[in-house]
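Morning, everyone. I'll put the model up and walk through it.

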Amino acid sequence: GITLDLQFSALETQNYLFTFADCPGHASLIRTIIGGAQIIDIALLVIDITKGIQTQTSEGLVIAGITVDKMIVVLNKLDLIPPDQREKKIERMIAGLRKSFSITKFGNSPMIPFS
């Protein structure tokens, strides 16, 4: 889907309150993205494993680089990859992302496959 404004949801545990801010991934909404990112402690960058880095991924990476110090990369849509090819695809994607992210402060960020 396309997010056109900020969306918030929250999850409270015994020790933490997590607030999720879904920021738009579109360049024409850059002020909204930055406005939302200023309240975030850690970024979750979601990448479609079947597509890899897209324009919105790069934009999110740049904004995160300006506004946060920590990032978790989530590789989603694993269910679209045949089970016998999944592990190899995950390994290749993570290796490629590590190489691409090496010029940023997020080169060692956790990368979590999720479906």
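One term before we start: buried means under 20% relative accessible area, exposed means over 50%, and partly exposed lies in between, with a 1.4 Å probe and protein chains only. By that rule Lys 51 is exposed, because its relative accessible area is 57%.

Ground rules next. This is a predicted model, where local features need pLDDT of at least 70, side-chain atom pairs count only at pLDDT 80 or more, and totals for chains, interfaces and linings use all residues. Residues are numbered from 1 along each chain as its sequence is written, and side-chain values use heavy atoms, with hydrogens and water left out.

Now the overall layout. The chain has 3 helices and 5 strands. Both are DSSP runs numbered from the N terminus: helices are H or I with at least four residues, strands are E with at least two. Starting at the N terminus, the order reads β-β-α-β-α-β-α-β. Of the 115 residues, 27% are buried.

Contact means heavy atoms within 4.5 Å. Take the contacts between residues at least 6 apart in sequence: 63% of them join residues at least 24 apart.

Surface totals. The accessible surface is about 7900 Å², and carbon and sulfur atoms hold 55% of that. Areas come from the Shrake-Rupley method with a 1.4 Å probe; for residues, only the protein chains shown count as cover.

On to the middle of the chain. How do strand 3 and strand 4 pair? They run in the parallel sense, over 7 bridges, with strand 3 at residues 42-48 and strand 4 at 70-76. Pairing here requires at least two DSSP bridges between the strands. One bridge partner to pick out: Val 46 goes with Val 74 in strand 4.

Add helix 2, residues 55-67, and the three elements make a right-handed β-α-β unit. Right-handed means this: with the strands pointing away from the viewer, the path from the first strand over the helix to the second runs clockwise.

Stay with strand 3. Asp 48 lies in it. Is Asp 48 buried or exposed? Buried, because its relative accessible area is 13%. Beyond its neighbours within four places in sequence, Asp 48 is in contact with Asn 76 and Lys 77.

Next, the loop between strand 3 and helix 2. Lys 51 sits there, and so does Gly 52. Gly 52 is buried, at 7% relative accessible area. Leaving out residues up to four places away, Gly 52 touches Ile 47, Thr 57 and Met 93.

Two C-alpha distances from this loop. Lys 51 to Met 93 is 9.8 Å, across 42 residues of chain. Gly 52 to Gly 96 is 9.0 Å, with their positions 44 residues apart in sequence.

Further along, Ser 109 is in the loop between helix 3 (83-101) and strand 5 (111-113). Ser 109 counts as buried because its relative accessibility is 5%. Residues up to four places away aside, Ser 109 touches Met 71, Val 73 and Arg 98.

Last stop, the surface. Which residues make the nonpolar patch? Leu 11, Tyr 16, Phe 18, Phe 20 and Leu 44, with an area of about 500 Å². Patch residues have over 30% relative accessible area and no salt bridge; like charges are joined within 9 Å, and nonpolar side chains (Val, Leu, Ile, Met, Phe, Trp, Tyr) within 5 Å. A salt bridge is a side-chain nitrogen of Lys or Arg within 4 Å of a carboxyl oxygen of Asp or Glu.

Tyr 16 is in the loop between strand 1 (7-12) and strand 2 (17-22). At 55% relative accessibility, Tyr 16 is exposed.
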